[in-house]
Amino acid sequence: MEERVLGVGVIGAGWMGHVHARAYARLPHHYPELRIRTRLVAVADSVPAQAEDFAARYAPDRVYADWAALLADPEVEAVSITVPNTLHRDVAVAAARAGRHLWIEKPVGLTADDARAVAEAVAGAGVQATVGFNYRNLPAVARARRLIADGAIGTPTHARVHFLTDYAAHPAGALSWRFLRAQGGSGVLGDLGSHGVDLVRFLLGDLERVVADTAVFVLRRPLTAPGGSHYAVVDTPDGPTGAVENEDYVCALLRTRGGVRVTFEAGRTEVGSQNAYGFAVQGSEGLVAWDFRRAGELTVSAGGDYLNQPAQTVFPGPGDGEYARFQPGPGIVMGYDDTKVIEAAAFLRGVEEGVPHGPTPEDAVRGAEALEAMARSAATGAWIDL
């Protein structure tokens, strides 16, 4: 079969745009059997310095200041959408209607309505779409899912899921788009909470009810130029500031349709916690637990002994998810960028076969509905049914 070359464009030349470009470049190394390859045709970004830096590193054929101009480029057949959340809906809907396949970062807009609009546009246009819920792709997470499904820990009863980090802990952290409701939506709910909810659904199934509380811990932040990183600290103590408009923290109780109780926590101002993402799923006969910072390890307690049953550290390896694409044997840790290579492969496989692979816009809709239910619960104090 003749190999197809797919012209791709990257819309949004920030850090995640770089991650996507690197993932496309690495596909032939890890997925040599794919009969579809990419050519980086164009990048679009309204911040000239970002576009120029991206172009210098990855050498696209063309650079656009306007994403609509990129979508009009006849050589662009598929796009990566790595722009701020406020642009997700407009860009993704326009891309689908233009017949472009799309690999879009979560949370796919500011609201569940945004995610639904994208899902409907994708379905109506008959294009393929993959969403960036990449923590699914780590082999340890794939193994945990298999163990739970196979009954290795008995019947799942309850779980703890946390996504805690410190990127917004410094009070002089810049007021980037992530802290503004019109651009960043529901704060840490859409940013880290969306990943956490997706992992709950991936491991334990859809949610049925939620109750939640939220808080803003850093009320004002220094203003910064457009395009600034949410990791940036502004060294002007007497400079202008703006109000933080969305949530720094959420804690919630979730109940799945299968009756599993979940304690859920996400925060971005957690001093001493750097990307402390993970879960522990308790079953009637055991436990499986994982920490992203030790991504190549899985804690497993199984065997049905109940009392004094030991927990062991297991190293995922070939046979767990896509591990064998990257490493030959257990104990060699895979990284964040590897998860995006796996995601890029799922996207291209969907384009090649004409059926979805990897997380879909429908997954983004289900996740966004749960996050909006948490926000409503935080405002009323009531349990919310999904």
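Biologist: In which sense do strands S8 and S11 pair, and over how many bridges?

Modeller: S8 (residues 207-215) and S11 (residues 249-256) pair in the antiparallel sense over 8 bridges. Two strands count as paired if DSSP finds at least two bridges between them, so 8 bridges clear that bar. Strands here are DSSP runs (E, at least two residues) and helices likewise (H or I, at least four), numbered from the N terminus.

A word on the source: this is a predicted model, where local features need pLDDT of at least 70 and side-chain atom pairs pLDDT 80 or more, while totals for chains, interfaces and linings use all residues. Residues are numbered from 1 along each chain as its sequence is written, and side-chain values use heavy atoms, with hydrogens and water left out.

Biologist: How do you know that S8 pairs with S17, and which residue stands opposite Arg-209 there?

Modeller: S8 and S17 (residues 384-385) are joined by 2 antiparallel bridges, and the rule asks for at least two, so they pair. Arg-209 stands opposite Asp-385 in S17, and its bridge partner in S11 is Arg-255.

Biologist: Why are S3 and S6 called edge strands?

Modeller: The open sheet has 6 strands in the order S3-S2-S1-S4-S5-S6, with parallel pairing. S3 (62-64) and S6 (129-131) each have a single partner strand, so one side of each lacks a neighbour in the sheet. From one strand to the next, the twist averages 25°. Inside the sheet, S4 (residues 78-81) and S5 (residues 101-104) share 4 parallel bridges, with Ile-81 opposite Ile-104.

Biologist: Why are H1 and H9 called roughly perpendicular?

Modeller: Their axes cross at roughly 70° and come within 8 Å. Axes are lines fitted to C-alpha atoms, for helices over the stretch in contact, with angles from 0 to 180 degrees between N-to-C directions. Under 35 degrees is roughly parallel, over 145 roughly antiparallel, 65 to 115 roughly perpendicular and the rest oblique, so H1 and H9 come out roughly perpendicular. Trp-15 of H1 and Tyr-336 of H9 are among the residues in contact (heavy atoms within 4.5 Å).

Biologist: Which helix gives the most to the lining of the second largest pocket?

Modeller: H9, with 5 residues. A pocket is an open set of points on a 1 Å grid over the protein atoms alone where a 1.4 Å probe fits, with protein on both sides within 12 Å along at least five of seven lines; lining residues have an atom within 4 Å of a point. H6 (139-149) and H9 (336-353) each supply at least two lining residues.
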